[in-house]
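I opened the notebook to look up ring contacts, one helix face and the charged pairs. Here are my entries, in the order I made them.

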Amino acid sequence: MDERPEQPPEGKLIAEALARSGISIRQAAKRAKISYGRWRQIASGYQNVSPGSFARVRAPAATLARMASVAGVTPDQLTGAGRADAAEILRTLTAEPDDEFGAMLGMPPDLSREEMRLMLAYRAGRDAERRGA
């Protein structure tokens with residue numbers, strides 16, 4: 001593709017939220033556990049393939065949810081940007097699971113709340129991938 005693709009709505013949303021937060025892209029990428037370059041590709045919606053040639057980039061739902069969490073984007077905002085798949089995962093990242101909830105899902109009783117949140121986010125991401133989201 002010779003023309004640079006337009007920035008996707010979710011990329012624009014995250015870039016604007018990050019700018020308001022005062023967090024640098026490098027800091028945000030580190031917190032989201034992705035590279036600086038990958039953050040920029042996802043936020044802009046493309047990657048350079050060769051000089052003057054671009055390829056569209058669409059973030060996996062779990063990666064976008066982590067980016068949104070770092071930037072302070074809400075699940076409703078992600079849904080409004082057309083990424084309900086990532087919004088679903090973001091909801092699990094920000095949920096406050098309790099011991100009864102964990103037991104209902106078959107989680108070991110000795111998990112911390114943070115471990116439960118991570119396990120729920122992992123499961124939501126895996127389920128989204130299986131559905132082709």
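I first checked burial: Tyr46 is buried, and so is Phe54 (buried means under 20% relative accessible area, exposed over 50%, partly exposed in between, with a 1.4 Å probe and protein chains only). This is a predicted model, where local features need pLDDT of at least 70, side-chain atom pairs count only at pLDDT 80 or more, and totals for chains, interfaces and linings use all residues. Residues are numbered from 1 along each chain as its sequence is written, and side-chain values use heavy atoms, leaving out hydrogens and water.

Next, helix H3 (residues 36-44): I found its buried residues to be Trp39, Ile42 and Ala43 (helices are DSSP runs of H or I, at least four residues, and strands are runs of E, at least two, numbered from the N terminus). Seen down the axis of H3, they fall within an arc of 95°, so they line one face of the helix (the arc is that of the directions from the helix axis to the C-beta atoms). Just after H3, I noted that Gly45 takes a positive phi of about 90°.

Then the charges: I got 4 salt bridges (a side-chain nitrogen of Lys or Arg within 4 Å of a carboxyl oxygen of Asp or Glu). One of them joins Arg83 and Glu10, with the closest N and O atoms 3.5 Å apart. Arg83 lies in the loop between helix H5 (75-80) and helix H6 (84-94) and Glu10 in helix H1, so this pair ties together parts that are 73 residues apart in sequence. Arg83 also meets Asp85 in a salt bridge, at 3.0 Å from N to O, and both of these residues are buried. I closed with the network: salt bridges that share partners join Glu10, Arg58, Arg83 and Asp85.
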